[in-house]
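Let's take a walk through this protein together, a bit at a time. Keep the picture open and look for each spot as it comes up.

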Amino acid sequence: MPRAAVQTGCVDLVMEPKDIGKHLEKILAVPRDFDGLRSNREPLQTNSDVLKIVQARTRMDFREYAQTTVSRRIGRRMMALGIPTKEEYATFLRNTPEAVDDLFKDLLISVTRFFRDPEEFESLRRLLPAVLATRDVGPLRVWIAGCATGEEAYSVVMMLAEALGVQDDALKSHIQIFATDIDVDALKVARRGVYNASVLDDIPKDLADKYITQHPDGVQIIEPLRGVILFSEHNVAQDPPFQKIDLLCCRNMMIYFGAALQAKVMSRFHYALKDNALLFVGKAETAGGSDHMFMPDRTSSHIFRKRGLRLTGAMQYASYQGEPSRRKTRTKPAPPPEDAKEKALFDGLAQSLGKDALLVTRDFSIERVYGDVSGYVQMTEKSALKMHLDLLRPPLREEARSLVTIAFKNNQQRTGVRHLLDTSGESDVRLDVYPIISDALEENVALLTFTPVEPPEENVTDGHPSEPETSVEQRIKLLEREVDTTREALQQSNEELENSNDELQSLNEELRSTNEELQATNEELETSNEELQSTNEELISVNEELEVTASELRDRTSELTSVLENAPIAVLVMDTALQITQATYKARDRFGLRRPLSTPHISQCTLPDGFPALGPICLECLGTGLTDTREFTAGTDRVVLTCAPYFDTNGQIMGVTLCVSEYTGLAREMETILDSSQLLVIHRDANGEILRLSQQVAEMLGVDRHQAVGKNVADIMPRKAAKRFLETTKEVLEKDSDEPIREESEVQFHEDAAPLWLSMERFRFRRGPEEAPSVISVGTNVTERRRATFQAQSRLRQLELLQDLAGIGYWSLDLVTQKVTWSEEVYRIHGEDPETYSPMLEEGIQFYHPDDVAHVTSCVENAISMNEPFDFQLRIVRRDGTMVPVAAKGIPIANEKGVVDQMIGVFREVEAHE
């Protein structure tokens, strides 16, 4: 279990059990200051030195991450290590590279699960059919940034597989998924696709039944889904982004970034996505600060679409100015010719409607400028520095807003009134708005043109102005005054509206500022929630492991108690006071202990006859810490008593165990063997002191068997025999292995007695691990056998001489193995070499002349079946074709059951006339 906990990567410290309590006490002794938790505005202690050390080892720059989160993770490591200040922690990191790796893994908060925030995944599921329908030729490209251990990547691929409705093996041709992270260990888990069985609670049952299989370690994603995803190490802030992505999922990663890093990463995401592609973010994340690049989808506030219209065409992603990327930088390819042609056609159409024009959105943002509009723009110190219709000169500004709104509302072109922009009367202009209606555009855009208008001409008659009628002139002047008054009123209203708008704008900015602060606070809370969830998961994992460990300990304790009580030998367990704490049933019966056991002293045991006092033995073992083994005879039993100490994890003696092994009747059986057996048995130590010997050895030495025990061999053997005896004892004890030494040797136990031949085996014997080894010799007197063998060899030699003189060879046949044995004379007659040829029965018969083979076979078969000897003179044919007349005699030999299993005979070469 401890090894499994370490493999999770969630363990801060790995210690011996004896050190854990001390370290917990040390952590709890550090005073806690919770003021920093109550106020987020308190200045953070600098993390610069620590983060530089991390960057130098891991090539990861955490200085642009949310520093509140970074400070908390650093503080967590400092608390676990008992380091009070960051200066000391930085010094510790410089001297301990492993601690830098631990901090790096702690900063990578890998908290994820399958289908996290199910309602958001449901919103994404509803959008997938449209994404699949509008994709280009080729597979759908998906990027899962910050995939951690892969649960989110597998969630997305399950949804895509369901949306496509294709077979598992065909997914690779329809989907291409890149899942990236900077945590190498997490990526290993993701590639394997094996998770705890508890993940089934997060996966819909229909998907789990289809895409999940059982595994010895839990459950596993099926291979076709694992083969679709390419898990890769990738840093979104440093490495070049992927391109032409249809769906980008980056959930609960941006909350750990600072504002500058968020903007940089969002810019890279904008570069990676296709036009109208989807960006799927976490529940606590928005595209705030990146509104010019992304717009929210109508179905969800956490799914965004890439804006297709940009000020300067395709935007280059933000480059990283720090350490060069490890990957080769790729340049974005030029737009295809079809796109360039459509853009040129759109630009030409826009300029045909108006030489000077603006392309604006529903929120009055200026997305593109055509021609020269500098004459219609007014810039002052109060102007907002953004491309907006507010930059237009009054009264064009107010009219442009209303015309754009009306045009979008009715989806029709709208025309404004004439405006005199200077007093010369030569610069009249009219605003025209043309809404652009297209299903390919996700946002509304319109073309606002500035159309020059000729000033009105005076009425002329014969080259002279006509005389207006008095009433008409008065009416015109009256109308002009009304228009002026109305214009002034409208101007005043406009100014008041502008003031109100400024106030609302100011209020809106304050609200946005407050919203950003709330968003930052929400991100902090989400981060804290992630950390708490991570800690909770760690605690749950540790608690489960502790429960399993406790259950295993209970089972082991029960097993050990049962084994100890029911063991077939007598075992006593004592503490340092030699009080008995545990005893087997056999020990209780053997030493008269009452049940239940009430921790009696060892001296209270009732000792059987022949047993030594147990107290001194246990006391000596407790003092020396060494195992003591003693062997003795109690009645008719042979008893081995072993007293051994036991220790705690610190090596301190906790008590002793006493084990009594009794061999019932063994002493009597051993004595019978030593008294009556013909075996030669002698047991001695390294110095030659006799520990035990048999009656046969005692008779050879001329001593009493029982009186010889305890004496040295040098005292009862001749000097030469004793010297050889001690040499063989030393040879056995100095051997590297316990293999016995076997030899036959001639020994003379008395100067006036004939020497004897003894066949002996010498064994090294050790009663206990703490006792010195001794030597046991076991053998037999082979003097008679040696004499008989010598006589047999002499007679065999005489027989061989007679055969050589008479030219007769002999042979034998083992009917069990079918093997034939020939003498040298038989080999000579057959013309074969004894070194290279080994005859068998069938091969020997085949040497006979083909006309004689049947007769030889019949003789052999009759001898075997009827136990009859045979005698014949026939011909053999050597390998070189030479024919030799021979005479053979054979006698069958039956075993004790009357079955012939051997044959012997003679073989000789005869003259042709015989």
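## Starting at a loop

Lysine 244 is exposed, because its relative accessible area is 51% and the cut-off for exposed is over 50%. You'll find lysine 244 in the loop between strand E6 (229-233) and E7. Its backbone is worth a look too: lysine 244 is not a glycine, yet its phi is positive, at about 55 degrees. Keep in mind that all of this comes from a predicted model.

Aspartate 117 is another residue with a positive phi that isn't a glycine, and here the angle is near 60 degrees. This one sits in the loop between H7 and H8. Is aspartate 117 buried or exposed? It counts as buried, because its relative accessibility is 12% and buried means under 20%.

Let's put some accessibility values side by side.

| Residue | Where it lies | Relative accessibility | Label |
|---|---|---|---|
| Lysine 244 | loop between E6 and E7 | 51% | exposed |
| Aspartate 117 | loop between H7 and H8 | 12% | buried |
| Leucine 132 | helix H8 (residues 118-133) | 10% | buried |
| Leucine 507 | helix H16 (residues 470-566) | 41% | partly exposed |

## Two leucines

Leucine 132 belongs to helix H8, and at 10% relative accessibility it counts as buried. What does leucine 132 touch, leaving aside its neighbours within four places in sequence? Its contacts are Leu140, Ala163 and Leu164. There's also a link across the sequence: leucine 132 and histidine 174 are 42 residues apart along the chain, but 9.5 Å separates their C-alpha atoms.

Leucine 507, over in helix H16, is partly exposed, with a relative accessibility of 41%. Together with Leu504 and Leu511, Leu507 makes a nonpolar patch on the surface, and the three share about 290 Å² of accessible area.

## A helix with a buried side

Now look at helix H7, which covers residues 97-107. Its buried residues are Ala99, Val100, Leu103, Phe104, Asp106 and Leu107. They lie on the same side of H7, because they cover an arc of only 160 degrees around the axis. And what do the buried residues of H7 pack against? The partners are helix H4 (48-58), helix H5 (67-81) and helix H6 (86-95).

## Into the core

The largest nonpolar core has 51 residues. Those with the most contacts inside it are Phe62, Tyr65, Trp143, Phe257, Phe269, Leu279 and Phe294. Helices H4, H5, H6 and H7 each give two or more residues to this core, and so do strand E1 (140-145), strand E7 (245-250), helix H13 (259-272) and strand E8 (273-281). Apart from it lies another core, of 46 residues, including Val142, Val156, Met159 and Tyr195.

Try clicking on phenylalanine 269. Not counting residues up to four places away in sequence, phenylalanine 269 touches Trp143, Ala145, Val236, Leu248, Cys250, Met253, Met254, Leu279 and Phe294.

## Zooming out

Finally, the whole chain. The protein chain has 914 residues, and 39% of them are buried. Its secondary structure adds up to 27 helices and 32 strands. Of the contacts with a separation of 6 or more, 56% are between residues 24 or more positions apart. The accessible surface comes to about 53200 Å², and carbon and sulfur atoms account for 52% of that.

Methods:
Residues are numbered from 1 along each chain as its sequence is written. This is a predicted model: local features need pLDDT of at least 70, side-chain atom pairs count only at pLDDT 80 or more; totals for chains, interfaces and linings use all residues. Side-chain values use heavy atoms; hydrogens and water are left out. Patches are made of residues with over 30% relative accessible area and no salt bridge: like charges are joined within 9 Å, nonpolar side chains (Val, Leu, Ile, Met, Phe, Trp, Tyr) within 5 Å. Accessible areas come from the Shrake-Rupley method with a 1.4 Å probe; for residues, only the protein chains shown count as cover. A salt bridge is a side-chain nitrogen of Lys or Arg within 4 Å of a carboxyl oxygen of Asp or Glu. Helices (H or I, at least four residues) and strands (E, at least two) are DSSP runs, numbered from the N terminus. Buried means under 20% relative accessible area, exposed over 50%, partly exposed in between (1.4 Å probe, protein chains only). The arc is that of the directions from the helix axis to the C-beta atoms. Contact means heavy atoms within 4.5 Å. A nonpolar core is a set of buried Ala, Val, Leu, Ile, Met, Phe, Trp, Tyr and Cys residues joined through side-chain atoms within 4.5 Å.
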